[in-house]
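Visitor: I am new to protein structures and would love a close look at one small part. Could you walk me through the aromatic rings?

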Amino acid sequence: MAWDEWERLKTDAAQRSAGSPRMQLNHVAPIEGSTTYGDLKVTNADLTAIGKDARDLYDQLWKRARVAQATSESAAGDLTEQGFALGAGLKHVHQRWEDQLKSLLDACAQIANHMHVTQKIHSGDDGYIARSMSSIDTLDAGFDDRVGPPGRKNPVYETPKPKKKQ
C-alpha cells in the first residue's frame with residue numbers, strides 16, 4: 001500500500017469517528033425482519049486460507065527481507081571502516097530493521113500456527129457435537145418405545161388433556 005493511500009485512509013477514519021460514536025465489534029445487527037443476532041461463521045477453508053497466507057508472507061520475508069538486511073549490515077561496516085559517519089547511522093537502521101523483521105516473522109508464524117490449531121480444535125468440536133446429538137436422538141427413541149406398544153409415544157410425554165369441571 002502506498003504511503004499516500006495509508007495517510008488518506010487514516011484521515012478518512014479519523015473524520016468518520018470524530019462526529020459519530022465508535023464502532024463496537026461485540027455484536028452484529030439483527031437481520032432484517034428477525035429478532036435474533038447473526039453468528040460468527042468460519043469454515044475450515046477460511047482458516048486454511050488465512051494460515052496459508054501467513055505462511056506465504058513468512059516465507060517471502062525470510063527469502064527477501066533478510067537479503068536486504070545482510071546488504072545493509074555489510075554497507076554499514078564498509079562505511080564505518082572508511083571513516084564515514086553515515087556508517088553508524090546505517091548500522092542503527094540495520095538494527096531497527098532486524099528487530100522489526102524478527103517481530104514480523106514471529107507474528108506470521110504465530111498466525112499460521114494458530115489457524116492450524118484452531119482448525120483442529122473446531123473440527124474436533126464439530127465431531128463431538130454431532131456425536132452428542134445423534135446419541136440424544138437414539139436415547140429419545142429408546143425412551144419413547146419402552147412403555148406401551150411399539151410405535152406409540154410414551155404417554156408420560158403426551159400433553160395432558162384438560163380436566164372437566166364438576
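Visitor: How many aromatic pairs does the count come to?

Guide: Happy to help, and please keep in mind that this is a predicted model. The count comes to one aromatic pair. A pair of aromatic rings is described by the distance of the centres and the angle of the planes. Here the partners are Y58 and W62, with ring centres 6.4 Å apart. Their planes meet at 5°, and planes under 30 degrees apart count as stacked, so this pair is stacked.

Now look at where the two residues sit. Both Y58 and W62 belong to helix α2, which covers residues 44-81. They are four residues apart there, so about one helical turn separates them. As for cover, W62 is partly exposed, because its relative accessible area of 41% falls between the 20% and 50% cut-offs.

Let us step back to see the setting. The chain has three helices and zero strands, running α-α-α from the N terminus on. Of its 166 residues, 12% are buried. The chain exposes about 14400 Å², with carbon and sulfur atoms supplying 59% of that area.

One more spot involves tryptophan. W3, W6 and L9 make a nonpolar surface patch of about 350 Å². Within this group, W6 lies in helix α1, which spans residues 3-19. W6 is partly exposed, with a relative accessible area of 39%.

Definitions and conventions. Residues are numbered from 1 along each chain as its sequence is written. This is a predicted model: local features need pLDDT of at least 70, side-chain atom pairs count only at pLDDT 80 or more; totals for chains, interfaces and linings use all residues. Side-chain values use heavy atoms; hydrogens and water are left out. Helices (H or I, at least four residues) and strands (E, at least two) are DSSP runs, numbered from the N terminus. Buried means under 20% relative accessible area, exposed over 50%, partly exposed in between (1.4 Å probe, protein chains only). Accessible areas come from the Shrake-Rupley method with a 1.4 Å probe; for residues, only the protein chains shown count as cover. Rings of Phe, Tyr and Trp (its six-membered ring) pair if their centres lie within 6.5 Å; planes under 30 degrees apart count as stacked, over 60 as edge-to-face and the rest as tilted. Patches are made of residues with over 30% relative accessible area and no salt bridge: like charges are joined within 9 Å, nonpolar side chains (Val, Leu, Ile, Met, Phe, Trp, Tyr) within 5 Å. A salt bridge is a side-chain nitrogen of Lys or Arg within 4 Å of a carboxyl oxygen of Asp or Glu.
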